[in-house]
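Biologist: Hi! I'd like to go through this model with you and ask how you know what you say about it. Can you show it to me?

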Amino acid sequence: MTTPYAIELKDITKRFGSKVIANDHVQLTLKKGEILSILGENGSGKTTLMNMLSGIYFPDEGQIFVNGKEVLIRSPRDSFDLGIGMIHQHFKLIDILTAAENIILGLDGPSRLNMKEVKAKINELTGKYGFDLNPDQKIYDMSVSQKQTVEIVKVLYRGADVLILDEPTAVLTPQETTRLFKVLKNMRDAGKSIIIITHKLNEVLEISDRVSVLRKGKYVGSVETRDATVESLTEMMVGEKVSLDIERTKPQGVEIRVEVRGINVRSHEGVHILRDVSFVARSGEILGIAGISGNGQKELLEAIAGLQEIESGEILYDAPDGTVSKLSEMKPEEIYKLNIHLAFVPEDRLGMGLVGSMDLIDNMMIRSYKDGWRPYVDRRPPRKLAEEVVEKLEVQTPSISTPVSRLSGGNVQKILVGREIATSPTVLMVAYPVRGLDINSSYAIYNLLNEQKQKGAAVICVGEDLDVLMELCDKILVLAGGRVSGIVNARKSTKEEVGLLMTGGKGDK
Amino acid sequence: MNKKHAAGGSVFHLTKRSSISRKKAWAIRFAAILLSLLVCAVFIFMITKQNPLQVYAGIIDGAVGTNRRLWVTIRETMTLLIIAVGLTPAFRMRFWNIGAEGQILMGGMMTAFMMINFGNTIPSGLLLVLILIVSVAAGMIWGLFPAVFKAYFNTNETLFTLMLNYVAIQIIDFCIVYWENPKGSNSVGIINAGTRAGWMPQVFGSDYGLNVIIVILVTILMSLYMRYSKQGYELAVVGESQNTARYAGISVPRVMIRTMMISGGICGLAGAIIVSGASHTISTATAGGRGFTAIIVAWMSKFNPIAMLAVSVFLVFMQQGSIQIASQFGLNENASDIITGILLFFLIGCEFFINYRIERKKESGEG
């Protein structure tokens, strides 16, 4: 008899409502001591499938086997009992507690808590697999990668043999990613089985032993990583050959549009978020902004859009007709009227820019509802705009009267970006424009940005995927710890150089 | 087979519905109403040993049996409706105004103040107009406090509005000392019983006709305001996400304060309708918990004005009816509260089944 699989899924089906089939008879096997990547575009059902393993969802059909035995996972607790631990994309940690306190949170221990023992056990785990973690450090003092470490150790502490990581590298720098991968490999070598959900192909090739691909809720197949290439995996994911080239044209009609001069921004709590940031954005160019998330990217764009109060420094706008205005002294509405548009896609997508419970029409008029002197709103222009955006960007929606929260992430994003682009802005700022989009939609958005650039807009783009920024942008500004750690020419620089700048000036503790 | 997990023959679990057709949702609500009536019937039967059908006949008789009872039911329905309408903009803005009681009391207090002090000096028509204005203003001020503090200091509006209810009750207590009539009764008595000064005049041959007109008018205006006005759009955006509101160039503090003034103002108006248009007196029980019941009315109706009217009618109908059967069968007043409680339990409980579905999974595999 062969050794049983650590996990085997047979014909798992999960429906949401009567129409959406998130998983359609999915098969999956995880061997003991291997790293398996689950690859698929957004909406392909990766996370749903894993949520069934971690007890968050319950499958409608199909069987789950753990170590060869059929099991029923009805709650996260069942999942824990079976030795399955999931590390979610959004960390579930309590800021004011220490790492050790977070790790034991929710466990039934002896009635008298012995923190010394707990810490000893944590140190043993971290030493064994090569984590870098101080159990006494408070969560609010930690970087994103340290928080992730806490989440992983938390799962290991509970005795998990199977670890599921949902997009673990989305928030990490290239250097941190390398470190994470090293730890994961140590764990594998110690006999743990690991599943990584991701859509970054390079990482799949780097870390995993085997790859299973999902497409539109269906299981496409599995391949040994050594037999796979970026092209072959993409084809499996998308179902057809796609070209992954971004057409980067030469900047034309380059003029200075926005000048940021030594701005400083503090948060409400008094934390210095931006320090002496200066740069210029030019028309006909795409300026990329790179950096680990939470290093001031959001605040920088908000400052230009007038949504963030700046402590010192100034922001100037040189209009195409030569007039100069001081954005740093203007209100958001006035800045918007200058044709400076911001499309910010926050992590929850709907947090800013769109109103989830409202339909497409009402969302289209969010920036323009005040037009006219009448006390009531005119819904005809936004209706027309909504129809245009839906048609031009191929938004999948039952109708333009559907609340946007019912749409998938990609479609929501198209609506947001579409609305901001619709009026041909002179300055277009986008943050994470392709977050969570499938490959085809991502490239559609890149093309839209390029189109705006060719029309002479000054485009500022905050991005997550360095590979893409390197291909899309003309220049890349790197933020680290709220400072500009460098501005590089995207055509000549390397990913490593930018990666170094991302950690530069901050110093890893 | 894993024994631990396969103990039962089948597994029940809850799933959140992604969507539900309007028809199905109303079918569930209707079923809940029928169920609640059934449980009420069992309850009534248990304590009265009477034929439930007879008891229900008593309820109907109590609510609409005579012209007078019918008008009382209408009056109470209108009062509940206008409070729910007043709460609507605040709740749409996700501002948890549970201070309607206080806002009603302040409106009622100013109404009583005007009636007592100017009943003999200002002509009746003008007095009524003034009463409406000052009662709205009083409610506005009572709504303004929590809004200002929330807008500028991010205080918790739930606690703030709740506490202001008690402040309002204390103020009324204080006023009763001055307005006591007759002396030593510790109550205000019917104000201007002889002159009817400051009382709402008869319309449609009823004392309460004007109540109906005012409430229906306010309801229609509010519904138009919420749906078509720029301000209504703004407050919905603020309610959904303050970040988005700021992004859209909406001044969040301004919208918050304005909306709460509207909400408080309408509740203040409700106070005027109760004092000037119904009870003609003031006491700490003038609001009578309706500021809380209206929260349920507003939420259950999803702020739809027609649904709010329907829910108000149903609740008041049952309340008035059970007051009647309580006296008919020699029960005390709590019986009517219990019946209202049963109704609300089912009506609120059914929302759970509108949002969730119970699924049954058969054990797979042959074991």
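Modeller: Here you go; keep in mind that this is a predicted model.

Biologist: Let's start with A:K414. Why is A:K414 called buried?

Modeller: Its relative accessibility is 11%. The cut-off for buried is under 20%, so A:K414 counts as buried.

Biologist: Where does A:K414 sit, and which residues does A:K414 touch?

Modeller: You'll find A:K414 in helix α13 (residues 409-422) of chain A. Leaving out residues up to four places away in sequence, A:K414 touches A:V389, A:L393, A:E394, A:V395 and A:S441.

Biologist: What makes the pair A:L393 and A:K414 a polar contact?

Modeller: Check the distance. A polar atom of the A:K414 side chain lies 3.3 Å from the backbone oxygen of A:L393, and the cut-off is within 3.5 Å.

Biologist: Now A:H25. Why is A:H25 called partly exposed?

Modeller: Partly exposed runs between the 20% and 50% cut-offs. A:H25 has 38% relative accessibility, so A:H25 counts as partly exposed.

Biologist: What is notable about the phi of A:H25?

Modeller: A:H25 isn't a glycine, yet its phi is positive, about 45 degrees. Most residues other than glycine have a negative phi. As for its place, A:H25 is in strand β2 (residues 20-30) of chain A.

Biologist: And in chain B, which residue follows α10(B)?

Modeller: That's B:H280, whose phi is positive, near 55 degrees. B:H280 isn't a glycine either. You'll see B:H280 in the loop between α10 and α11 (290-300) of chain B.

Biologist: Is B:H280 buried or exposed, and how do you know?

Modeller: B:H280 has 9% relative accessibility, so B:H280 counts as buried. Again, the cut-off is under 20%.

Biologist: How do you know that the span of helix α10 of chain B agrees with its number of residues?

Modeller: Helix α10 (residues 252-279) of chain B has 28 residues, and at 1.5 Å a residue they should span 40 Å. The C-alpha atoms at its ends are 39 Å apart, which agrees.

Biologist: What makes you say that α10(B) is largely enclosed by the rest of the structure?

Modeller: Just count residues: 23 of its 28 are buried, so α10(B) is largely enclosed.

Biologist: What about chain B as a whole: how many helices and strands are there?

Modeller: Chain B has 13 helices and two strands. Of its 367 residues, 52% are buried. Its C-alpha trace spans about 90 × 65 × 35 Å along the principal axes.

Biologist: How many residues does each chain bring to the contact between chain B and chain A?

Modeller: Chain B brings 29 residues and chain A brings 48. Together they bury about 3,100 Å², with 55% of that on carbon and sulfur atoms.

Biologist: What holds for salt bridges and polar contacts there?

Modeller: The salt bridge count between chain B and chain A is zero. There are 13 residue pairs in polar contact across the interface. On the side of chain B that touches chain A, the elements giving two or more residues are β1 (10-16), α7 (209-228), α8 (230-240), α9 (242-247) and β2 (356-362) of chain B.

Biologist: Which element gives the most to that side of chain B?

Modeller: That's α8(B), with six residues. The residues on this side of chain B divide into nine nonpolar, 11 polar and nine charged.

Definitions and conventions:
Residues numbered from 1 in each chain as written. Chains lettered and ligands numbered in written order. Predicted model: local features only at pLDDT ≥ 70, side-chain atom pairs only at ≥ 80, totals over all residues. Heavy atoms only, no water. Helix = DSSP H or I, 4+ residues; strand = E, 2+ residues; numbered from the N terminus. Expected span 1.5 Å × (residues − 1). Buried < 20%, exposed > 50% of the residue type's maximum accessible area, 1.4 Å probe, protein only. Contact = heavy atoms within 4.5 Å. Buried area = accessible area lost by both parts, 1.4 Å probe. Salt bridge = Lys/Arg side-chain N within 4 Å of Asp/Glu carboxyl O. Polar contact = N/O pair within 3.5 Å; in protein donor to acceptor, adjacent residues only side chain to side chain. Nonpolar A, V, L, I, M, F, W, Y, C, P; charged D, E, K, R; others polar.
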